[in-house]
Amino acid sequence: MPVMLAPEIPGLNIEDLKLTGFKVHKLPATLDVPVSHGRRDFYKMGLLTGDVTVCYGNRILEISGTALFFVNPNVPHSVARRSKPTTGYACLFTDTFISASERTGILRSSPLFHVGDSPVIPLNSEQAAFMTGIFRKMLAVHSGDYHYKGELIRSCIELIIHEALRIQPSQNVSQFKNAATRVTHLFMDMLERQFPIERTGDPLKLRTAGDFAAGLSVHVNYLNRSVKEVTGKTTSVHIAERITAEAKALLQHTDWSVADIAYALGFEYPTYFNNYFKRVMGRAPRSLRK
């Protein structure tokens, strides 16, 4: 039976993380506390050695040996040890902390921001030694009193991401073969950037193909034709699937009322959301909470 990592990381003060924007720590070798799927408001990246099962959204990924892992707060996740001990390091940071960097392009192309990429990157011994050195440097800087520690931590995060992309290039970094591919990429990126919904008072603004076409300054027919040509799905299907996925996450991982979730997702009335959810999922929204 796997041993689970705790939902609250030992030594981690969430309020302190929100103030400073980052936290670096060494992973405990053993911990026998169950963990449940959850959503957080910070990103995670780490170096892990051992036999571990990662549940990431709807995927189950196995780690054997040493690997980098990246966790996007948009995706419910949990980690289970299959053997003891497990060693490694982890760095957690908020979106505000990383957005303070002037060089955010590489970050937005990384596994941290593209939920479709694999969050696990296996490493050989040479790569593992290099990454271990970086995490140890971050740990030393984090515990020290260097005035510019935030900037140095950002630089280390960027270096780790550069190396991760060099070892295993992102599936989302591609050369656009034509205009249709480019506009489809921009549409998918615009769609994903609306999530996760974090406040009930900040509802979804782009919900139709016309909304996205206006935002991309293209005709809606051209957008629909391009998306269908490149992905095989219509623009409306992509939007519906993403809204439904967010609805499920909010129902399962927040205590918001169904009405609050409906308004947050851009539905004018809760009954519209109920009917929409039943049509797509074949069940009522409240059934996910039973």
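Which residue lies over the face of F267? R207 does, at 4.3 Å from the ring centre. The structure described here is a predicted model, and this report covers its salt bridges, aromatic pairs, charges over rings and a surface patch.

## Salt bridges

Side chains of opposite charge can pair when their charged atoms come close. In this model the number of salt bridges is 8. One of them joins E163 to R166, with 2.7 Å between the closest N and O atoms. Both residues belong to helix 5 (residues 149-167), where they are 3 residues apart, or about one turn of the helix. The two partners can be described by their accessibility. E163 has a relative accessible area of 16% and is therefore buried, since buried means under 20%. R166 has a relative accessible area of 57%, so R166 is exposed, the cut-off being over 50%.

K233 and E241 also form a salt bridge, and here the closest N and O atoms are 3.0 Å apart. K233 is partly exposed, at a relative accessible area of 35%, and E241 is likewise partly exposed, at 40%. A further salt bridge connects the side chains of D202 and R199, at 3.5 Å from N to O. D202 counts as partly exposed, with 33% relative accessibility.

Salt bridges also link E192, R242 and E246 into a network. R242 appears again below, in connection with an aromatic ring.

## Aromatic pairs

A pair of aromatic rings is described by the distance of the centres and the angle of the planes. The count of aromatic pairs in the model is 8. Among them is the stacked pair of Y89 and F135, whose centres are 6.3 Å apart and whose planes are 20° apart. This pair links distant parts of the chain: Y89 lies in strand 6 (residues 87-93) and F135 in helix 4 (residues 125-143), with their positions 46 residues apart. Y89 and F135 are both buried.

How are the rings of F273 and F277 arranged? Their centres are 5.8 Å apart and their planes stand at 50°, so the pair is tilted. Tilted is the term for planes that are neither under 30 degrees apart, which would count as stacked, nor over 60, which would count as edge-to-face. F273 and F277 are both in helix 11 (residues 270-281), 4 residues apart, about one turn of the helix. Both F273 and F277 are buried. They also belong to a cluster in which ring pairs link F267, F273, Y276 and F277.

## Charges over rings

F267, a member of that cluster, is the ring whose face R207 lies over. A second case involves R242 and F195: the charged end of R242 sits over the ring of F195, 4.1 Å from the ring centre. R242 thus takes part in the salt-bridge network with E192 and E246 and also sits over an aromatic ring.

## A nonpolar surface patch

Which residues form a nonpolar patch on the surface? The patch consists of Y146, Y148 and L152, which together have about 310 Å² of accessible area. Y146 is located in the loop between helix 4 and helix 5. With a relative accessible area of 46%, Y146 is partly exposed. Patches are made of residues with over 30% relative accessible area, and the value of 46% for Y146 meets that cut-off.

Terms used. Residues are numbered from 1 along each chain as its sequence is written. This is a predicted model: local features need pLDDT of at least 70, side-chain atom pairs count only at pLDDT 80 or more; totals for chains, interfaces and linings use all residues. Side-chain values use heavy atoms; hydrogens and water are left out. A salt bridge is a side-chain nitrogen of Lys or Arg within 4 Å of a carboxyl oxygen of Asp or Glu. Helices (H or I, at least four residues) and strands (E, at least two) are DSSP runs, numbered from the N terminus. Buried means under 20% relative accessible area, exposed over 50%, partly exposed in between (1.4 Å probe, protein chains only). Rings of Phe, Tyr and Trp (its six-membered ring) pair if their centres lie within 6.5 Å; planes under 30 degrees apart count as stacked, over 60 as edge-to-face and the rest as tilted. A charge sits over a ring if NZ of Lys or CZ of Arg is within 6 Å of the ring centre and within 35 degrees of the ring normal. Patches are made of residues with over 30% relative accessible area and no salt bridge: like charges are joined within 9 Å, nonpolar side chains (Val, Leu, Ile, Met, Phe, Trp, Tyr) within 5 Å. Accessible areas come from the Shrake-Rupley method with a 1.4 Å probe; for residues, only the protein chains shown count as cover.
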